[in-house]
Amino acid sequence: MVRILVVDDDKNTRRWLRALLETEGYDVSDAGDGQEALALMEREWVDLVVLDVMMPNMDGYAFTEALRETRNDLPILMVSAKQLAADRNRGFLVGIDDYMTKPVDEEELLLRIRALLRRSRIVSENKITVGEVVLDYASMTVTGHGQTISLPQKEFQLLYKLLSYPGQIFTRIQLMDEIWGVDSETGWETVTVHIGRLRKRFEGWPEFEIVSVRGLGYKAVKKV
């Protein structure tokens, strides 16, 4: 069972989040500040943290910094009454994965938690499964329909990136910077070329499609 750690100094908030998450089938632990949360994590396995910012002893920023210093990539969703961009940006700079402002919409919170858990599994397993199709990062292969296709590194990384965030639009520049590197002298047109090759390779595969979004870029659409 997935265990979520709720870290907030407000008892009523912790009770509300525990009830909400347990109703969804999650196992829930809670802590009143960052120090208490770190101590708890030494005793219990945690899959995701829902984290407040303003807390005594150790606030949300300090907790995140302490966790990331140990190279722990545990997904962190920061939930705060702070609504300024500077506060949100500070959270991302210290290492959180997502940020929501209070008051929180329950449905949106649950959707964000599911997305973070899915991405976390992708990172830890280095695999993406779409229906009967499996992308294996370790071997740079795509398996499905009775065949295993070994892709060139950049093509695989491009497909893996898009399918890691289905429905999310990425500009050519974003894809270029992440996969080829910000210092690459290759033009962004190479992204278009690689997208064309991927479409040709997987033409007719019903599980997914790479869609062009006019004036913006590309996204992957899962169909299963």
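Buried here means under 20% relative accessible area, exposed means over 50%, and partly exposed covers what falls in between. With these terms in hand, the salt bridges of this predicted model make a good place to start.

A search of the whole structure finds 13 salt bridges. One of them brings together the side chains of Asp30 and Arg18, with an N to O distance of 2.7 Å. Asp30 belongs to strand 2 (residues 27–31) and Arg18 to helix 1, so this contact ties together parts that lie 12 residues apart in sequence. Asp30 has a relative accessible area of 24%, and therefore counts as partly exposed. Arg18, at 27%, is likewise partly exposed. The two residues also take part in a wider arrangement: salt bridges with shared partners join Arg14, Arg18, Glu22 and Asp30 into one network.

A second pair reaches across a longer stretch of the sequence. In the salt bridge between Glu24 and Arg114, the closest N and O atoms are 3.0 Å apart. Glu24 sits in the loop between helix 1 and strand 2, while Arg114 is in helix 5, and the pair links distant parts of the chain, 90 residues apart. Glu24 is partly exposed at 37% relative accessibility, and Arg114 is partly exposed at 40%.

Lys102 and Asp8 form another such contact, their side chains meeting in a salt bridge of 3.3 Å, N to O. Lys102 lies in the loop between strand 5 (98–101) and helix 5 (106–125), and Asp8 in the loop between strand 1 (3–7) and helix 1 (11–23), so the salt bridge ties together parts that are 94 residues apart in sequence. The partners fall into separate classes of accessibility: Asp8 is buried, with a relative accessible area of 3%, whereas Lys102 is partly exposed at 25%.

Lys102 also leads into a feature of the backbone. The peptide bond from Lys102 to Pro103 is cis, with omega near 0°. Pro103, too, is found in the loop between strand 5 and helix 5.

Two further loop residues deserve a look for their backbone angles. Asn57, although not a glycine, has a positive phi of about 70°. This residue is in the loop between strand 3 (48–51) and helix 3 (60–69), and its relative accessibility of 61% means that Asn57 counts as exposed. Met140 is not a glycine either, and has a positive phi of about 55°. Its place is in the loop between strand 7 (133–136) and strand 8 (141–144). With a relative accessibility of 17%, Met140 counts as buried.

Conventions. Residues numbered from 1 in each chain as written. Predicted model: local features only at pLDDT ≥ 70, side-chain atom pairs only at ≥ 80, totals over all residues. Heavy atoms only, no water. Salt bridge = Lys/Arg side-chain N within 4 Å of Asp/Glu carboxyl O. Helix = DSSP H or I, 4+ residues; strand = E, 2+ residues; numbered from the N terminus. Buried < 20%, exposed > 50% of the residue type's maximum accessible area, 1.4 Å probe, protein only.
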